[in-house]
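Visitor: I would like to go through this model step by step, with the reasoning behind each answer laid out. Could you take me through it?

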Amino acid sequence: YGFINTCLKSLVVEKYGEETWEKLRLQAGVQDSFLTFEVYKDEITMQLVDKACKVLGVPADTVLREFGKYFFEFCKRSGYDHMLRTLGGNLYEFIENLDALHSYLSLSYQAKKDIEVLVLFFPQEMNAPSFRVEKNEDGSMHLHYYSDRRGLCHIVPGIIGAAALDFFNIEISMKIVNQTEEEERTGKKEHIVFLVTQNPLFPCKERNEFSSSSQCHVDSEKQIENQMNKEDLEKAKNTNGDRGNSVCPVKKSHWKTLRGIITLGKGKLLRGFDPVYPKSLWIDTKTFCNGLPFHMVFDKELKVKQAGVSIQKIVPGLQTMGICLDQYFRIIHPEVPFTISSIQKFINSQFVFQTKREMMPESWKERPMLELRGQMMWMESLQCMLYLCSPLLRTLHELEERQMHIADIAPHDVTRDLILLNQQRLAEMELSNQLERKKEELRILSKHLEEEKKKTEALLYAMLPQHVANQLKEGKRVEAGEFKECTILFSDVVTFTNICAQCEPIQIVLMLNSMYLRFDRLTTVHDVYKVETIGDAYMVVGGVPVPVPTHAERVANFALGMIMAAKGVQNPVSGNPIQIRVGIHTGPVLAGVVGEKMPRYCLFGDTVNIASRMESHGVPSKIHLSSSAYQCLKYKNFEITERGEIEVKGKGKMHTYFLIRNKSATENEIMGRP
C-alpha cells in the first residue's frame with residue numbers, strides 16, 4: 001500500500017536527500033508520491049528496495065533492517081503510537097498480539113478492498129505476514145515469521161528491535177536459526193525462525209510501566225512496602241485480628257499477612273493474584289447457548305459437541321451433534337490445515353472461519369458466505385476446543401447482504417458497536433481518500449504550473465532583461481538608465497534585397513531562422529545582450545543592462561563567432577554560404593523600456609547611430625570598428641588592421657579599422673564548442 005512506499009520515500013529523503021530519492025525512483029521507474037490507502041503492486045516496493053541497495057551501495061539485509069527501524073518510527077509519527085504501545089506489557093505479549101492487530105486493522109480499514117495500513121510488511125488484500133512466538137527456559141524466545149514475500153525477513157529485526165527499545169527499554173539480538181519452505185501452514189511460502197535474546201538496558205525500577213518482568217518482583221514489593229502508610233497497616237492488622245485466625249493465621253509470613261489484608265479490601269492487590277473458581281458452573285446449557293450465540297465446541301476429531309443458537313440458525317447442519325466441523329467451515333486465518341494439532345500450535349492467533357457454500361441452506365446460495373472471527377481455547381479436562389467467535393462484519397452493507405440484523409448479534413458483543421462505528425469511519429476514510437487524491441492532483445497541477453511558469457519566464461527573459469522583467473511583473477515602473485560606456489554591434493546580410501526578390505518567403509524565413517539560432521547561441525557563449533532583430537539586421541550590446549569592464553572584448557569575440565557561424569548558413573539563391581557585414585562602436589547610451597503592449601528594452605543615443613553606420617559602411621565578411629571601439633581593443637590581444645579614413649553618412653570623415661582575429665583564443669573557444 002501507499003503507506004509502505006511513502007515510508008520508504010521518507011526514509012531515503014530524510015537520510016540521503018531529495019536528489020538521492022529522485023535518482024532512485026527514476027531508476028526504479030516509479031512515481032514520486034503514493035496515496036496512503038491506494039493499493040500498489042509488490043513489484044514497485046521490491047524495485048525501490050533493489051535500486052536503494054545499488055544507489056546507496058548497501059547490502060539488502062542492511063537496507064531492510066534500517067527500513068524496519070524507520071518504519072516503526074514512521075508508524076508512531078502517523079498516529080499509531082498508542083495502539084502499538086498497548087499491545088502487551090512485555091515483548092512476548094507485544095509479538096503475540098501482532099496478528100490480532102493486523103486482524104483489527106484489516107477490519108477497521110475494510111472498504112471495497114481489504115486495506116491494512118499498519119500491516120508490517122507490504123500487505124495485499126489480507127495477505128499479511130504472521131507471527132508466532134515461543135518462550136524458552138533460558139529466557140530467550142523463538143519468533144516464527146510466515147510470509148508469502150520472500151527476502152523481506154530482515155525487516156523483522158528492525159521493527160521488533162525498535163519496539164523493544166522504545167516500549168520496554170531493552171536491547172535484543174535476533175538471528176535466524178531456521179529458514180524453510182512452509183510445512184505447518186497452507187498458502188505461505190517462507191517460514192523464518194528467529195532466536196530472540198533480551199538484554200536489559202536499565203535497572204528494573206526505571207522501566208516503562210508497561211513492562212512486567214519477573215526480575216523486578218522483589219524491588220517492586222519493597223517499593224510498595226515503603227509507600228504504605230504504617231498507621232493504616234497497623235490498623236488493618238488489628239481489625240483483621242479481631243476476625244480470627246482463619247483468614248490471617250499468626251504463622252503466616254509478613255507478605256502473606258499483607259496480601260490477606262489487601263484481599264479484605266483495605267488496599268489494591270498489585271501482585272500475586274489468584275483467581276477463585278466456583279465448585280460447579282452456575283449457568284445452565286440453554287442460557288450459555290443463548291448468551292454466546294456464535295460459540296462452538298469440538299473435539300480432537302473435529303466433531304461438534306455444542307453450538308450457539310445463532311450459528312445453528314445460519315448453519316442448520318450444526319444441530320446434528322457429532323458432525324465434523326470441517327464439513328461446514330474452512331479456516332481463512334491463520335492459513336493452517338483444519339486439524340486440532342495445527343489449531344493448538346497457533347492457539348494465540350485469532351481464527352477466522354468461513355462457511356462452505358455447498359453446505360449452506362438454499363437461501364444462502366446467492367449471498368456472500370458468513371465469516372466468523374474469534375478465539376480458540378483448549379479445555380484439557382474435556383479434551384475439547386472452545387471457539388468463542390462473532391460474525392466478521394464490517395459495515396451495515398455486509399450485514400444486509402447476508403440478510404442478517406443487529407438483533408442476531410448478542411447485546412454484549414461489541415461487534416454491534418463496531419459495525420455502526422465502522423460505518424461512520426468508512427465514510428470519514430472515503431472523505432480522507434478523496435482529500436488525499438485532491439491533494440495529489442493539486443500537487444501535480446502545482447508542479448505543472450511551476451514548469452509553465454518557468455517556460456513563461458524564460459520567454460519573458462528572452463524579450464527583456466531579467467531585472468527589468470521582474471520589476472514589470474511586480475507592477476513597478478522601470479526608469480531609464482544611462483550607461484557611460486558600452487559596445488554596440490549591428491550586422492546584416494549582404495545582398496539581402498536581391499535574395500528576397502528571387503526566393504519564396506518561406507525560404508527567407510528558413511534562412512534567417514537558421515542564422516539567428518546560431519547567433520542566439522553565441523550570445524549565451526559570450527554573455528552579450530541581444531537587443532532586437534529587424535529583417536536581416538541583428539543588434540547586440542555589451543555592458544548593458546549589466547555594466548561590465550570587458551564589454552568590448554565580449555562583443556568582439558561574438559562578432560568573430562558570427563562570421564564563422566554565417567559560413568554554415570546557405571544562400572537559397574546561389575547555394576553558397578551567405579556573407580554578412582558587421583559594425584561595432586563603443587560609447588554612452590540611454591536604455592529603457594518602451595511601450596506597454598509588447599514592451600521592448602531599447603537603446604537610445606548617437607552611439608547606436610554610429611554603430612549602425614559602421615555596419616552599413618562595412619565590407620562583406622569583415623568586422624568594421626570605429627576608433628572608440630579600436631581604443632578599447634588595441635591592447636586586448638586582438639589582431640586589428642587599419643582601414644583608414646572614410647566618409648560616413650551624416651558623420652563626415654571617420655577613421656576606422658577591421659577586426660581580424662583573437663590571438664589568444666581558438667576557433668572552438670570562440671564558437672563555444674568543447
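**Salt bridges**

Guide: Glu647 and Lys653 form a salt bridge in which the closest N and O atoms are 3.7 Å apart. This is a predicted model, so the distances are those of the prediction.

Visitor: Are Glu647 and Lys653 buried or exposed?

Guide: To be called exposed, a residue needs over 50% relative accessible area. For the pair Glu647 and Lys653, both partners belong to one class, and that class is exposed.

Visitor: Which residues are joined into one network by salt bridges that share partners?

Guide: A search of the whole structure finds 26 salt bridges. Where such bridges share partners, they join into one network the residues Glu73, Lys76, Asp81, Arg85 and Asp166.

Visitor: How many residues apart are Lys651 and Asp606, which form a salt bridge?

Guide: The closest N and O atoms of Lys651 and Asp606 are 2.4 Å apart. Lys651 is placed in the loop between strand S17 (638-648) and strand S18 (652-662), while Asp606 belongs to helix H20 (residues 606-616), and the pair links distant parts of the chain, 45 residues apart.

Visitor: Why do Lys651 and Asp606 count as partly exposed?

Guide: Partly exposed is the class between the two cut-offs, under 20% for buried and over 50% for exposed. Lys651 falls in it because its relative accessible area is 34%, and Asp606 falls in it because its value is 37%.

Visitor: Which residue forms a salt bridge with Glu134, and is that partner buried or exposed?

Guide: The closest N and O atoms of the bridge between Glu134 and Arg132 are 2.7 Å apart. Glu134 is partly exposed, with a relative accessible area of 32%. Arg132 has a relative accessible area of 8%, and because buried means under 20%, the partner of Glu134 is a buried residue, Arg132.

**Loops and backbone**

Visitor: With which side chain does the side chain of Ser140 make a polar contact?

Guide: Ser140 sits in the loop between strand S1 (130-135) and strand S2 (141-147), and at 6% relative accessibility it counts as buried. Leaving aside neighbours within four places in sequence, Ser140 is in contact with Glu134, Lys135, Leu195, Val196 and Thr197. The polar contact of its side chain, at 2.6 Å, is with the side chain of Asp138.

Visitor: Which residues does Lys365 contact, leaving aside its neighbours within four places in sequence?

Guide: Lys365 is found in the loop between strand S8 (351-355) and strand S9 (371-379). Its relative accessibility of 26% makes Lys365 partly exposed. With the neighbours within four places left aside, the residues in contact with Lys365 are Arg357, Glu358 and Met360.

Visitor: What is the phi of Leu302, and what is the phi of Asp527?

Guide: Leu302 lies in the loop between strand S5 (296-299) and strand S6 (304-307) and is buried, with a relative accessible area of 6%. Asp527 lies in the loop between H18 and strand S12 (529-534) and is exposed, at 51% relative accessibility. Neither is a glycine, yet phi is positive in each, with Leu302 at about 70° and Asp527 at about 55°.

Visitor: What is omega for the cis peptide bond from His333 to Pro334, and for that joining Val544 and Pro545?

Guide: Pro334 is in the loop between strand S7 (329-333) and helix H13 (340-345), and Pro545 is in the loop between strand S13 (537-542) and helix H19 (551-566). For the bond from His333 to Pro334 omega is near -10°, and for the bond joining Val544 and Pro545 omega is about 0°.

**Helices and surface**

Visitor: How far apart are the end C-alpha atoms of residues 421-459?

Guide: An unreviewed UniProt entry lists residues 421-459 as "coiled-coil region". Over this stretch the model is 100% helix and 0% strand, and the end C-alpha atoms are separated by 56 Å.

Visitor: What accessible area do Ile506, Val509 and Leu510 have together?

Guide: Leu510 is part of helix H18 (residues 505-526) and is exposed, with a relative accessible area of 54%. Together with Ile506 and Val509, Leu510 forms a nonpolar patch on the surface, whose accessible area is about 310 Å².

Methods. Residues numbered from 1 in each chain as written. Predicted model: local features only at pLDDT ≥ 70, side-chain atom pairs only at ≥ 80, totals over all residues. Heavy atoms only, no water. UniProt positions renumbered as here; feature names shortened; annotations may be inferred. Helix = DSSP H or I, 4+ residues; strand = E, 2+ residues; numbered from the N terminus. Buried < 20%, exposed > 50% of the residue type's maximum accessible area, 1.4 Å probe, protein only. Polar contact = N/O pair within 3.5 Å; in protein donor to acceptor, adjacent residues only side chain to side chain. Contact = heavy atoms within 4.5 Å. Patch = residues over 30% accessible without salt bridge, like charges linked within 9 Å, V, L, I, M, F, W, Y side chains within 5 Å. Areas by Shrake-Rupley, 256 points an atom, 1.4 Å probe, with all protein chains shown as cover. Salt bridge = Lys/Arg side-chain N within 4 Å of Asp/Glu carboxyl O.
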